[in-house]
Amino acid sequence: AAAEQAESGLTAVKMNASGRVSRMPGRSEVDGVIARLAAVREVLGDSRDVAVDFHGRFGVAAARRVIPELAPLHPLFVEEPVLPEYTHRLGDIVAASTVPLACGERLYSRTDFLPALQAGIAVAQPDLSHAGGISEVRRIASLAETFDALLAPHCPLGPIALAASLQVAFATPNFLIQEQSIGIHYNTEAELLDYVLDRAPFGFPNGAIRRWEAPGLGVDIDEDAVRAADARGHRWRPPVWRHDDGSFAEW
């Protein structure tokens with residue numbers, strides 16, 4: 001899958017570290033995380049980057065154990081090593097490894113991001129659809145800049161959210177990289193570009209999207225396609241994962 005994305009022109013990919021994971025991962029689980037990253041690094045080589053998303057599935061102690069072992073594979077960053085309610089422990093994880101840390105998809109304002117930035121995260125990842133839109137995310141980006149942190153807007157969503165994220169990216173000096181969900185595995189019944197009239201602005205020659213000059217967000221929505229999707233309806237819900245004892249596991 002990583003090779004496919006590289007062939008499409010992307011210069012970086014992001015992958016999950018694991019599926020369901022124990023509260024204190026054993027040796028085999030840790031080895032699995034390392035092996036998956038090593039396989040992707042081998043395919044991408046040294047000229048492309050790979051980021052690793054922990055998705056809040058690891059505890060503080062587990063993150064402190066696992067992340068240093070990933071360092072020789074040079075991930076671009078490790079995302080959301082722990083849940084946002086443990087933001088006050090991010091500093092301990094930052095101190096345990098030289099791998100840059102990223103977080104923010106579940107932080108929704110400058111005040112939410114401040115303790116994470118004070119803890120030493122390298123990359124802030126606000127989602128424009130959840131964190132106050134373009135204005136608030138630009139302010140989050142400016143706050144991050146004062147901590148020498150970079151911006152990578154979270155966006156596994158549709159074309160309007162991606163277009164808005166890109167407008168912030170175009171105007172942000174400390175911008176790092178833009179997440180997007182074109183062709184992602186969970187787009188089973190519809191694809192992001194199904195809802196735009198002109199797909200050309202969303203092309204990424206040589207791994208980069210060119211700055212748009214069209215007015216507004218720079219994207220024309222196919223309203224007929226949106227109405228048809230609305231008529232079909234959907235009720236997407238994330239999977240519910242359980243630990244062996246039946247307790248809730250983070251998806």
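This is a short talk on one protein model, covering its sheet, two unusual backbone angles, its spaces and its aromatic rings.

Before anything else, keep in mind that the model is predicted.

I will start with the sheet. Six strands make up an open sheet, and they pair in parallel. The order across the sheet is β1-β2-β3-β4-β5-β6. Which strands stand at the edges? They are β1, residues 12-16, and β6, residues 150-151. Each of these has a single partner strand, so one side of each has no neighbour in the sheet.

Now take the pairs from the β1 end. β1 and β2 run parallel and are joined by five bridges. If you want a place to look on screen, find Val13, which stands opposite Val50 in β2. To get from β1 to β2, the chain passes through helix α2, residues 27-44. That β-α-β crossover is right-handed.

Is β2 mostly enclosed or open? Strand β2 covers residues 49-53, and four of its five residues are buried, so the rest of the structure largely encloses it. On to its pairing with β3, residues 78-79: the two strands are parallel, with two bridges. Here Asp53 stands opposite Glu79 in β3. Helix α3, residues 60-70, belongs to this part as well, since β2, α3 and β3 make a β-α-β unit, and that unit is right-handed.

Further along the sheet, β4 is residues 101-103 and β5 is residues 123-124. These two pair in the parallel sense over two bridges. The contact to look for is Cys103, which stands opposite Ala124 in β5. Remember Cys103, as that name will come up again shortly.

Next, two residues with backbone angles worth a look. One is Glu80, found in the loop between β3 and α4, where α4 is residues 90-96. Glu80 is not a glycine, yet its phi is positive, at about 40°. Is Glu80 buried or exposed? Its relative accessibility is 3%, and buried means under 20%, so Glu80 counts as buried.

The other is Asn206, in the loop between α7, residues 159-170, and α8, residues 223-232. Asn206 is also a residue other than glycine with a positive phi, in this case near 60°. Its relative accessible area is 72%, and the cut-off for exposed is over 50%, so Asn206 is exposed.

Now the spaces inside the model. How many cavities of 30 Å³ or more are there? The count comes to one. The largest cavity has a volume of about 80 Å³. Two residues we have met are in its lining, namely Glu80 and Cys103. Others in that lining include Pro81, Val82, Leu83, Tyr86 and Arg106. By class, the lining of this cavity has eight nonpolar residues, two polar and two charged.

There are also pockets, and I will show the second largest. It holds about 280 Å³ of space. Its lining has 17 residues, and those nearest the centre are Arg23, Gly56, Arg57, His243 and Glu250. Sorted by class, the lining of this pocket has eight nonpolar residues, five polar and four charged.

Last topic, the aromatic rings. How many aromatic pairs does a search of the whole structure find? It finds three. One of them is Phe54 with Phe58, a tilted pair. The ring centres are 4.3 Å apart, and the planes make an angle of 35°. Phe54 has 1% relative accessibility and counts as buried. Phe58, at 3%, counts as buried too.

Another pair is Phe202 with Trp212, and that one is edge-to-face. The distance is 5.3 Å centre to centre, with 80° between the planes. Both residues sit in the loop between α7 and α8, ten residues apart. We have already been in that loop, with Asn206. While Asn206 is exposed, Phe202 is buried at 2% relative accessibility. Trp212 is buried as well, with a relative accessible area of 11%. Ring pairs also bring in Phe170, so that Phe170, Phe202 and Trp212 are linked into a cluster.

To go over it once more: the sheet has six strands in parallel pairing, the cavity count is one, and the aromatic pairs number three. That is the end of my part.

Key. Residues are numbered from 1 along each chain as its sequence is written. This is a predicted model: local features need pLDDT of at least 70, side-chain atom pairs count only at pLDDT 80 or more; totals for chains, interfaces and linings use all residues. Side-chain values use heavy atoms; hydrogens and water are left out. Two strands pair if DSSP finds at least two bridges between them. On a 1 Å grid over the protein atoms alone, a cavity is a set of points where a 1.4 Å probe fits but cannot get out, and a pocket is an open set with protein on both sides within 12 Å along at least five of seven lines; lining residues have an atom within 4 Å of a point. Grid points are joined across faces, edges and corners, and a volume is the space filled by probe spheres set on the points. Ala, Val, Leu, Ile, Met, Phe, Trp, Tyr, Cys and Pro count as nonpolar, Asp, Glu, Lys and Arg as charged, and the others, Gly among them, as polar. Buried means under 20% relative accessible area, exposed over 50%, partly exposed in between (1.4 Å probe, protein chains only). A crossover is right-handed if, with the strands pointing away from the viewer, the path from the first strand over the helix to the second runs clockwise. Rings of Phe, Tyr and Trp (its six-membered ring) pair if their centres lie within 6.5 Å; planes under 30 degrees apart count as stacked, over 60 as edge-to-face and the rest as tilted.
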